[in-house]
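Here's a quick tour of this protein, starting with its pocket and ending at its metal site. Have the model open as you read.

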Amino acid sequence: MLSEKYKEFTKWVIYQIYPRSFMDSNGDGIGDLQGVISKLDYIKELGANAVWLCPCFKSPNEDNGYDVADYCDIMDEFGTMEDMDQLIEGLHSRGMKLILDLVPNHTSTDHKWFQESRKGKDNPYSDYYYWFDVPPNDWESSFGGSAWQYDEMRGQYYLHTFAVGQADLNWENPAVVKAMQDVVDFWVDKGCDGFRIDVIDCISKDLPNGQDRLGPRIHEYIRALFGREKTAHLFTVGEGSTNDIDDIVLHCASGRDELSTLFIFEHMECGRTDKFTPEEGGMRALRDCLVYWQNETAKRDLLYSLFIENHDQPQMISRIGNDRDLRYESATDIAAMVYLLKGVPFIYQGQEIGMPAAHYDSIDDFDDVESLGAYRKYRETLSEEETLEKINFGSRDNGRHPMAWDGSKNSGFTEGDCEPWLINHSRAKEVNVENDLNSERSVRRFYQELLRLRAGSNAFLEDDFEVLSSQEDDFFIYTRAAGGEKWVVVCNFEKEQVIDLPFGCEKPALSNLGRKTADGRYLPYECAAAKCLC
Ligand code: GLC
Ligand code: CA
């Protein structure tokens, strides 16, 4: 059974905002905090009760805010600390929580700590980063090229696991641990209710000798941040590439005093062989992956994070669904597959209206540092056209184009004369919030019903989960139960087919196509959830 604390977290429904692309309040083409504030009712009415804001701290934006230049100040383009205070107040007065994005692995090279550190070995900040006369290994940066960069001023190399402007902090130095504790405390004092922690698996390194990037002191460091009295109540979700169930136990089992949950990325790989290469069978693979993690986390009383997209991923409907003529169906079907499972739901902005991937015609339209690195790499062996196809499929800009609020010139995202910082998706005139709400088939209304259903029954929060479909089926059927109440969720995949249930049900309480019974002939991507009569 989940601990009481974790059970409470399964009642959170977290709406993820990429502030740069959510809503621009002052017409400069860049989303901002006042824009977020203006949409709080929109978020609450969806059924979310928490907001995770991607980094909104001072940054030169080489990696869109994941290169932090001051953890305790707001990015100029996003607003001021007063705006942040107003946002926190706006959330709390609506009974909603705020989750901030903490980036402890690296800072921007513009950060004062780095600017001091590069001055020399006698500087008090000298050991805040990893400096070597000669690179001690051949690690590559996640965004392409060597992970070691020579700095003229210091006359040494520093480590950057990500972009050149993202220097890795040296957590071996107790002053770094203390500095990051101070950052956490600053935001807790301001009223922040939790953190999403960026690439948490990277913070401990086995340098200079080790070959393994995942160093041995990770647990100690995480506990230093979140295992303290001041922070023990927080909701914390770690991001990283760790997908091993045993590692997750060490981070998230109750009593470990580390993290509430981790993002497990295994299901993100469904429907692709690598980030830029599509593959068949995505819906089946998604189902099987979800089933595995539901079972494994239940056995170990772990809290699972339920998510479909984020700012690093292209839209699921464009990858494994059908974002053209069955856009509504696949968006709602995938939502039912995921969000009636056990765990904490995260909904990424735009998902609730079935926003599709971007589709840009030229590499000049892309902004993302990872996509540009991948473009250069693929161009060495592929044609321009083949390369663009790959980048369009996998680019993180798919998840970063501005939110489409209406069909006007700049989709209601910005009202000024400035162009939005990133071109909107190519069908923004058709797929936007206004059209969705005016449509008989509204993805957002389906989300609202789904979240209402989920909040209304303990069956969706407790452990009981059973799969009735097999790996050979092109559908997913599962049940959830608690306190004598049992629900069945049926999600069909691409093909029209008959789906029979072994027991009777009430008329579905949730159905994307208004179905009257829980079994019978299902259209492509049709789904239903009904209370069982057993
Ligand atoms: C995480 C973020 C991603 C960022 C990277 C480096 O993966 O989600 O957007 O580029 O960390 O901070
Ligand atoms: Ca703005």
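## Where the pocket sits

Domain 1 (112–168) and domain 2 (176–264) each contribute residues to the lining of the largest pocket, so the pocket lies between them. Keep in mind that this is a predicted model.

How much space lies in the largest pocket? It's about 1,000 Å³. A total of 39 residues line it, and the ones closest to its centre are Ser142, Phe143, Phe162, Lys275 and Glu370.

## What the lining is made of

Two elements give two or more residues each to the lining of the largest pocket: β14 (272–274) and α12 (369–379). The largest share belongs to α12, with 6 residues.

As for chemistry, the lining of the largest pocket splits into 17 charged, 12 polar and 10 nonpolar residues.

## The domain layout

Besides the two domains that flank the pocket, the protein chain has a domain 3, spanning 462–531. Measure from C-alpha centre to C-alpha centre, and domain 1 and domain 3 are 54 Å apart.

## The calcium site

Now for the calcium ion (ligand 2). Which protein atoms act as its donors? Four come from side chains named Asp24 (OD), Asn26 (OD1), Asp28 (OD) and Asp32 (OD), and Ile30 (O) joins them, with the donors lying 2.2 to 2.3 Å from the ion. Along the chain, the donors of this calcium ion follow the spacing D-x1-N-x1-D-x1-I-x1-D.

Is Asp28, one of these donors, buried or exposed? Neither quite fits: Asp28 is partly exposed, because its relative accessible area is 28%, and partly exposed covers the range between under 20% (buried) and over 50% (exposed).

Definitions and conventions: Residues are numbered from 1 along each chain as its sequence is written. Chains are lettered from A and ligands numbered from 1 in the order in which they are written. This is a predicted model: local features need pLDDT of at least 70, side-chain atom pairs count only at pLDDT 80 or more; totals for chains, interfaces and linings use all residues. Side-chain values use heavy atoms; hydrogens and water are left out. Domain bounds come from an automatic or database domain assignment. Donors are N, O and S atoms within 2.8 Å of the metal (3.2 Å for Na, K and Ca); water is not among the atoms, so sites may look incomplete. Buried means under 20% relative accessible area, exposed over 50%, partly exposed in between (1.4 Å probe, protein chains only). On a 1 Å grid over the protein atoms alone, a cavity is a set of points where a 1.4 Å probe fits but cannot get out, and a pocket is an open set with protein on both sides within 12 Å along at least five of seven lines; lining residues have an atom within 4 Å of a point. Grid points are joined across faces, edges and corners, and a volume is the space filled by probe spheres set on the points. Helices (H or I, at least four residues) and strands (E, at least two) are DSSP runs, numbered from the N terminus. Ala, Val, Leu, Ile, Met, Phe, Trp, Tyr, Cys and Pro count as nonpolar, Asp, Glu, Lys and Arg as charged, and the others, Gly among them, as polar.
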